[in-house]
Amino acid sequence: MERLQHEGVYNYLIKLLKPGKMGQANGRLPSMDSGQPAPEGKVVLKKKVTLLRGISIIIGTIIGAGIFISPKGILKNTGSVGMSLTVWTVCGILSLFGALCYAELGTCIKKSGGHYTYILEAFGPLPAFVRVWVELLVIRPAATAVISLAFGRYILEPFFMQCEIPELAIKLITAVGITLVMVLNSTSVSWSARIQIFLTFCKLVAILIIVVPGVIQLIKGETQHFKNAFAGNDASVMGLPLAFYSGMYAYSGWFYLNFVTEEVENPEKNIPLAICISMIIVTVGYVLTNVAYFTTISAGELLLSKAVAVTFAERLMGNFSLAVPVFVALSCFGSMNGGTFAVSRMFFVASREGHLPEILSMIHVRKHTPLPAVIVLHPLTMIMLFNGDLYSLLNFLSFARWLFIGLVVAGLIYLRYKHPDMPRPFKVPLFIPALFSFTCLFMVALSLYSDPVNTGIGFAITLTGVPAYYLFIVWDKKPKWFRKLLDKVTVTLQILLEVIPPEEDQKS
């Protein structure tokens, strides 16, 4: 798609949309040749992500509904308490390995965009386009729908303690939450980051509310559910991949800081530090939380519970248990906020590279947020929300997500040989990316066998990115009327949304 590089159009939009220009005394729009200088302050995404904000993005996105919903999925597919705790521990170690690989990539490729950017650098435009295509159509709407449904359920839990929560009520509250997140991320980068820090604090408090009573129970000798911990139904080849999916989903989020690399202060230092600190905190917290669950709840009771954290709190805390779903809902909201903040930058970068419509790489002239890249997900997420079940969505999105994460880490190995002289301020031993990429791809292969319907649908949708790439990107002989229509739509959306391309792009 052609970019709006014409100086007259650019200057007109600057004068029309910059602060102070919308409400002149005479009520007229500025003319394109008025000669008035543009106000000071470039329209760009600024470096506002400090080390603390980076940690809050990672922890705040990882700790969402996974630790409160996934114990059920893991236990169901592993068959015993001991094996479920083993899966939680192994998933934490694997996630740490993956996070360390992304720390290396984030320090040697200092561009935002995460998965998309690294695949583009290692393997070229076709697989990178397929990645952002499936992210836009499947992964991000499904992931947002999953965590948002958990938000809707937990926020309503205190009002329906004695009865079932109506599904329609959950989805309506969920829709309100999704819209609120989109508005927040469209309004202010600073406020979105501040709220993320507060929500991260709430998440850690929620974890402590579970862990501390669990430790007290262990001290009292409540270990009956750990006797014969590996006894029960044997874990099967069919179930283990799905158990790992549930566990890896609960840990997923360690890669989101790499989506906003260009906005991180001192990325060579802060990205590895934020990743390592966050993963240690989350892994220890998750394992202790699961141990705490089994001090009070048996395996059978956990499988029957629809809200494990609430069931745990009711047993030990009495009326204080009403506060637990509130903390959990805030935790889910933090994951929604962090995920939206990060993934919008992937769409922003993909548009900047010419792989998505040009409007998605534009920034609001006053708020300095990538407004179009944020709100583009709203309609797709709503479709996922009202058409899908929580666990099907979880398994459905895991296939495509881990396929491409495995490819990214394989790309790290490839870049070691393709560009051996590339500066690498942070470097991991080669066995770590080798083990992690093999594990991801092996899980994907097993998923085709153990859950062929969901993974088959995910695979088919992923493959649609190939013809889409040749149709929308490679084919450059589109009709003149079609290109003119796209340009008119872009300019119209610019005026309606008050967005322009980053000024540095215009002057380059």
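Biologist: What share of the 508 residues of the protein chain counts as buried?
Modeller: This is a predicted model: local features need pLDDT (the predictor's confidence in each residue, from 0 to 100) of at least 70, side-chain atom pairs count only at pLDDT 80 or more, and totals for chains, interfaces and linings use all residues. Numbering starts from 1 along each chain as its sequence is written, and side-chain values use heavy atoms, without hydrogens and water. Buried means under 20% relative accessible area, exposed over 50%, and partly exposed in between, with a 1.4 Å probe and protein chains only. By that cut-off, the buried share is 57%.

Biologist: How many helices and strands does the protein chain have?
Modeller: Both are DSSP runs, numbered from the N terminus. A helix is H or I with at least four residues, and a strand is E with at least two. The count comes to 21 helices and 2 strands.

Biologist: Which element of the protein chain has the highest mean pLDDT?
Modeller: The chain as a whole has a mean pLDDT of 81, and 85% of its residues reach 70 or more. Helix H1 (residues 7-17) has the lowest mean among the elements, 53. The highest mean, 93, belongs to helix H5.

Biologist: Where, beyond residues 1-8, is the pLDDT below 50?
Modeller: Over residues 1-8, pLDDT stays under 50, and the model has 20 contacts there beyond four places in sequence (contact: heavy atoms within 4.5 Å). A further stretch has 40 contacts beyond near neighbours in sequence. Where pLDDT is low, predicted coordinates should not be read in detail. The further stretch is residues 17-40.

Biologist: What does helix H2 pack against?
Modeller: H2 (residues 51-62) reaches 17 Å from first C-alpha to last. That is close to the expected 16 Å, which is 1.5 Å times one less than its number of residues. Of its 12 residues, 10 are buried, including Arg53, Gly54 and Ile58. These buried residues pack against helices H8, H9, H10 and H13.

Biologist: How many residues are in the largest nonpolar core?
Modeller: A nonpolar core is a set of buried Ala, Val, Leu, Ile, Met, Phe, Trp, Tyr and Cys residues joined through side-chain atoms within 4.5 Å. Trp254, Leu257, Tyr286, Trp402 and Phe436 have the most contacts inside the largest one. Leaving aside neighbours within four places in sequence, Trp254 contacts Ile58 and Ile62, among others. The size of this core is 130 residues.

Biologist: Is Ile165 buried or exposed?
Modeller: Ile165 sits in the loop between helix H6 (125-156) and helix H7 (167-187). Arg153 is 12 residues away in sequence but 7.5 Å away in space, C-alpha to C-alpha. Not counting residues up to four places away, Ile165 touches Arg153, Leu156, Glu157, Phe160 and Ile170. Its relative accessible area is 4%, so Ile165 is buried.

Biologist: What is the phi of Asn266?
Modeller: Most residues other than glycine have a negative phi. Asn266 lies in the loop between H9 and H10 and is partly exposed, with a relative accessible area of 43%. Its phi is positive, near 45 degrees.

Biologist: Which loop holds Glu498?
Modeller: Glu498 has a positive phi of about 60 degrees, although it is not a glycine. Its relative accessible area is 15%, so Glu498 is buried. Its loop runs between helix H20 (480-497) and strand E2 (499-500).
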